[in-house]
Amino acid sequence: MDEMEWTQKHPKAEDLRIGLLNWAGTYLTFEAYKNAVTTTAKSLGRKQTWELLVSNEHETQAVVRLKSLQGLYVLCEADGTVCYGRPKNSHHGCFLLRFHRNGQWTLQCIVSGRYLESDGEDVFCNSQVLSAYHMWTPRPALHVHVTLYSPIYHSYARADHTVGRIWVDAAVPCLEECGFLLHFQDGCYHLETSTHHFLSHVDRLVAQPSSQTAFHMQVRPGGLVALCDGEGGTLYPHGTHLLLGLGSNPMRGQEWFILQHFPTWVSLRSKSRKFISVIYGKYGQVCATSEHLTPMSLFQFECDCENPTLQLRSASGFYLAQRRHRSVIADGHPMESDTFFRVHWNCGKIILQSPNGRFLGIAANGLLMTNATIPGPNEELGIRFANRPFLVLRGRYGYVGSSSEHDLIQCNMDEPDCIHLLPCRQGIYHFQAQGGSFWSITSFGSFRPWGKFALNFCIELHGSNLLTVLAPNGFYMRADRSGTLLADSEDVTKECIWEF
């Protein structure tokens, strides 16, 4: 069976959102309760996240509107005040966005010609003469675990720890080496690999972040970014092997990458602990006969959080689909109805129900079929992350992490901790802190990062990059408004959903 060309999907709306930092290092913020826009926040949260609506774009500028997560806009009035609401006409709320060489943006009101500026607290549009007070630094608001995709070369960046380099040569982002953590610190970005090394200005991976691993970021609407050293050098692929390194002469837009959330790839196992794999040469048949994990045993987990249906995309680019005689074949296409399966979770395992109402199970010959009308142990599939040695969790109030100021693990951090995953059973993991100790839980349902003994956490996926965690005390882990991470929820609420 021929392979489908792997297609890069368009960035999701949440991947294109940004935060805007002013000259004082605080964020443009909407204050819904007083219909105002301010710059008092020091961290990037929901109130500081904006969607950039582009109506006209050229190389150095674009006409845009800034839309909040609540659906309202930044509006510049005739007297120079800036408020928050709905546009009254086609030009109301429109700004001319200019991209500057230092990576900063300016936003000029289309109607008055005045620039959006801040005094450190309030926001207004008074001056037509450009100054440093009108400069805004864009910060992508997507989750920090990302992929870098080159639209020129149609490939993804991949860390090669055997030689300490990064290549832009991965056709499919199914390996953990294709995921990077994008750390924002003092206006610069540090690119961290899955083994916790950092890309440096000399094109090599180093063990610690420093000024030599700090890059400035150019951001364009549509999820495009370029990383620069601030001294004329820009990161782009070099040579026939596409080594990612600094240079001063990129051609044809080589320096631009599409920044997207790192996708979720999983492996599935049958009751007999055999990996479910796609067999090529046999019309894309899917069976559970392999005792070893191979690229043919990896599936991208694509799930809509609003609708409990799942698509499983193989490394060939085809989706698992229900076909004639109740067979399941890896030959489906993205919008085909037969590729959508309903998901049921049971203690960290999944049960998949096909469009005809029957459940997926393993036949006597090892083939994946849709036979059972009532699910049993044969229809329960073990599921495990295939491209994630750790989790980075973001909830309603920020990232999960620890701090020297707090004894307990927090859920409102601007910079996250990595939670290293030690697989125990299918769907069950031990959570290990960065120092090598384990997560422990108190009698109040809060957590500390220096436990001596490994505890069991049950993970269930609720979207392509969303999950819930059932803690050892039998309650769901949730984000509390106080900033403390707690496990005290009997039901899955919005505060129990974690982006990873």
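Gln48 is found in the loop that connects strand S3 (36-41) with strand S4 (50-57). In this predicted model, Gln48 has a relative accessible area of 8% and is therefore buried, the cut-off being under 20%. Two polar partners of the Gln48 side chain can be named. The side chain of Thr29 makes a polar contact of 3.2 Å with the side chain of Gln48. In addition, a polar atom of the Gln48 side chain lies 2.8 Å from the backbone nitrogen of Gly45.

**Other loop residues**

Val163 belongs to the loop between strand S14 (155-160) and strand S15 (165-170). With a relative accessible area of 39%, Val163 is partly exposed. In sequence, Val163 and Arg204 are 41 residues apart, while their C-alpha atoms are 8.5 Å apart in space.

Two further loop residues concern backbone geometry. Most residues other than glycine have a negative phi. His154 has a positive phi, near 55°, and is a residue other than glycine. His154 is located in the loop between strand S13 (145-150) and S14. Its relative accessibility is 55%, and His154 therefore counts as exposed, for which the value must be over 50%. Arg252 likewise is not a glycine and has a positive phi, near 55°. The loop between strand S23 (243-247) and strand S24 (257-261) contains Arg252, and a relative accessibility of 63% places Arg252 among exposed residues.

**The second largest pocket**

The second largest pocket holds about 600 Å³ of space. Its lining comprises 28 residues, and those nearest the centre of the pocket are Arg101, Asn102, Gly103, Gln218 and Cys228. Two or more lining residues come from each of strand S12 (137-140), strand S17 (188-192), strand S20 (216-220) and strand S21 (224-228). Of the elements, S20 gives the most to this lining, namely 4 residues. By class, the lining of the second largest pocket is made up of 13 polar, 9 nonpolar and 6 charged residues.

**Cavities**

The structure has 2 cavities of 30 Å³ or more. Their volumes and linings are set out below.

| Cavity | Volume | Lining by class | Element giving the most |
|---|---|---|---|
| Largest cavity | about 60 Å³ | 6 nonpolar, 2 polar, 1 charged | S36, 3 residues |
| Second largest cavity | about 30 Å³ | 7 nonpolar, no polar, no charged | S21, 3 residues |

The residues that line the largest cavity are Trp345, Gly348, Ile383, Arg384, Phe385, Gly427, Tyr429, Ile459 and Leu461. Strand S36 (381-385) and strand S45 (457-463) each contribute at least two residues to that lining.

Around the second largest cavity, the lining is formed by Leu148, Val225, Ala226, Leu227, Leu235, Leu244 and Phe257. This lining contains no polar and no charged residues. Strand S21 supplies residues to the lining of the second largest pocket and also gives the most to the lining of the second largest cavity.

**Aromatic pairs and a charge over a ring**

There are 13 aromatic pairs in the structure. In one of them, the ring centres of Phe431 and Trp439 are 5.3 Å apart and the planes stand at 90°; the pair is edge-to-face because this angle is over 60 degrees. Phe431 and Trp439 are both buried. Trp439 also pairs with Phe447 in a tilted arrangement, with 5.4 Å from centre to centre and 50° between the planes. Both residues of this tilted pair, Trp439 and Phe447, are buried. One aromatic cluster is formed by Phe431, Trp439, Phe447 and Phe457.

A separate arrangement involves a charged group and a ring. The charged end of Arg220 sits over the ring of Phe99, at a distance of 4.1 Å from the ring centre.

**Summary of the named sites**

Gln48 is a buried loop residue, with side-chain polar contacts to Thr29 and to the backbone nitrogen of Gly45. His154 and Arg252 have positive phi values, and His154 and Arg252 are exposed. The lining of the second largest pocket includes nonpolar, polar and charged residues, as does the lining of the largest cavity, whereas the lining of the second largest cavity is made up of 7 nonpolar residues. Phe431, Trp439 and Phe447 belong to one aromatic cluster, together with Phe457.

How values were computed: Residues numbered from 1 in each chain as written. Predicted model: local features only at pLDDT ≥ 70, side-chain atom pairs only at ≥ 80, totals over all residues. Heavy atoms only, no water. 1 Å grid on protein atoms, 1.4 Å probe; cavity = no way out; pocket = protein on both sides within 12 Å on 5 of 7 lines; lining within 4 Å. Points joined across faces, edges and corners; volume = space filled by probe spheres on them. Nonpolar A, V, L, I, M, F, W, Y, C, P; charged D, E, K, R; others polar. Phe/Tyr/Trp six-rings, centres within 6.5 Å; stacked < 30°, edge-to-face > 60°. Buried < 20%, exposed > 50% of the residue type's maximum accessible area, 1.4 Å probe, protein only. Lys NZ or Arg CZ within 6 Å of the ring centre and 35° of its normal. Polar contact = N/O pair within 3.5 Å; in protein donor to acceptor, adjacent residues only side chain to side chain.
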